[in-house]
Amino acid sequence: MFTLTTLPFENNDLEPHISAKTLEFHYGKHHQTYVDNLNKLTEGTPMEKDSLEGLILKTAGREGKEAIFNNAAQVYNHDFFWKSLKPVRQESFVPVELKNAVIHAFGSWEKMTEELKGAALSQFGSGWAWLVKEDSQLKIVKTANADTPIVHGQKPLVAIDIWEHSYYLDYQNRRTDYVGNLIDNLINWEFALENLKD
Ligand code: MN3
């Protein structure tokens, strides 16, 4: 059985940037549905005993396994996304070790956040923007639909969900405002550092 992860904050902890109403649907309906679908698709098969990451790597690019991959990857991506966020009241703290690694890779902290914003805004349709580590190099990447960095040999540090369901109730078509508010106020950079060191 695959399970819905527990949110690391309350539904209203991201307000006013992401509303409790959005979380109610995004976490309670969309994320839950990926978990439910994954369980239906794997129940009674050897895959129900796989780890989530193992199942993703095993089904990526495999003909006939698209539905399992899509639901498994979306469960993984959302688990990761929630951990990438922090409550508004919690100070936005950038650990010095992360800051130094970012400056080394991008030239400045601002260049990295601009590139992350650019990736999120330029993704056509549904997908994700990420800060990742690949061959010990930090970089910004975007993935379409359910695609996830772990199948491309990349270790994610931070995820931004840019599917419309993540912002439409609060921002309608204004993805720029959603992405800007999220990057400026909600990213958990201490989580990013944990992943960098991991
Ligand atoms: Mn989503």
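Q: In this predicted model, is Asp161 buried or exposed, and how do I read that from its relative accessible area?

A: A residue counts as buried when its relative accessible area is under 20%, and because the value for Asp161 is 0%, Asp161 is buried.

Q: Which residues coordinate the manganese ion, and through which atoms?

A: A nitrogen, oxygen or sulphur atom is taken as a donor when it lies within 2.8 Å of a metal such as this one. Here the manganese ion is coordinated by the NE2 atoms of His26, His78 and His165, together with OD of Asp161, at 1.9 to 2.1 Å.

Q: How are the donor residues of the manganese ion spaced in sequence?

A: The spacing of these donors is written H-x51-H-x82-D-x3-H. Two of them show what such a spacing implies for the fold: His26 belongs to helix H1 and Asp161 to strand E3, which covers residues 155-161, so this pair ties together parts that are 135 residues apart in sequence.

Q: What else can be said about the surroundings of His26, and with which residues is His26 in contact?

A: To place it first, His26 is part of helix H1, which runs over residues 20-42, and because its relative accessibility is 1%, His26 counts as buried. When its neighbours within four places in sequence are set aside, His26 is in contact with His31, His78, Phe81, Trp82, Asp161, His165 and Ser166. With one of these residues, His165, the side chain of His26 also makes a polar contact of 3.1 Å.

Q: How many aromatic pairs does the structure hold?

A: Rings of Phe, Tyr and Trp are said to pair if their centres lie within 6.5 Å, and the structure holds ten such aromatic pairs. One of them is formed by Phe80 and Trp130, whose rings are 6.0 Å apart centre to centre with 50° between the planes, an arrangement described as tilted. Phe80 sits in helix H3 (residues 66-83) and Trp130 in strand E1, so the pair ties together parts that are 50 residues apart in sequence. As for accessibility, Phe80 is buried at 7%, and Trp130 counts as buried at 0%.

Q: How are the rings of Phe81 and Trp82 arranged?

A: Planes under 30 degrees apart count as stacked and those over 60 as edge-to-face, while the rest count as tilted. The planes of Phe81 and Trp82 are at 45°, with ring centres 5.1 Å apart, so this pair is tilted. Both Phe81 and Trp82 are buried.

Q: Which residues do ring pairs link into a cluster?

A: The cluster consists of Tyr27, Tyr76, Phe80, Phe81, Trp82, Trp128, Trp130 and Phe191.

Q: Turning to the backbone, what is the sign of phi at Ser136, and what is it at Gln172?

A: Ser136 has a positive phi of about 60° although it is not a glycine, and this residue is in the loop between strand E1 (127-134) and strand E2 (137-144). Because its relative accessibility is 69%, Ser136 counts as exposed. Gln172, also not a glycine, has a positive phi of about 50° and is located in the loop between helix H6 (168-171) and helix H7 (175-185). At 35% relative accessibility, Gln172 counts as partly exposed.

Q: What kind of peptide bond joins Glu15 and Pro16?

A: The peptide bond between Glu15 and Pro16 is cis, with omega of about 10°, and Pro16 lies in the segment before H1.

Technical notes:
Residues numbered from 1 in each chain as written. Predicted model: local features only at pLDDT ≥ 70, side-chain atom pairs only at ≥ 80, totals over all residues. Heavy atoms only, no water. Helix = DSSP H or I, 4+ residues; strand = E, 2+ residues; numbered from the N terminus. Buried < 20%, exposed > 50% of the residue type's maximum accessible area, 1.4 Å probe, protein only. Polar contact = N/O pair within 3.5 Å; in protein donor to acceptor, adjacent residues only side chain to side chain. Contact = heavy atoms within 4.5 Å. Donors = N, O, S within 2.8 Å, 3.2 Å for Na, K, Ca; no water.
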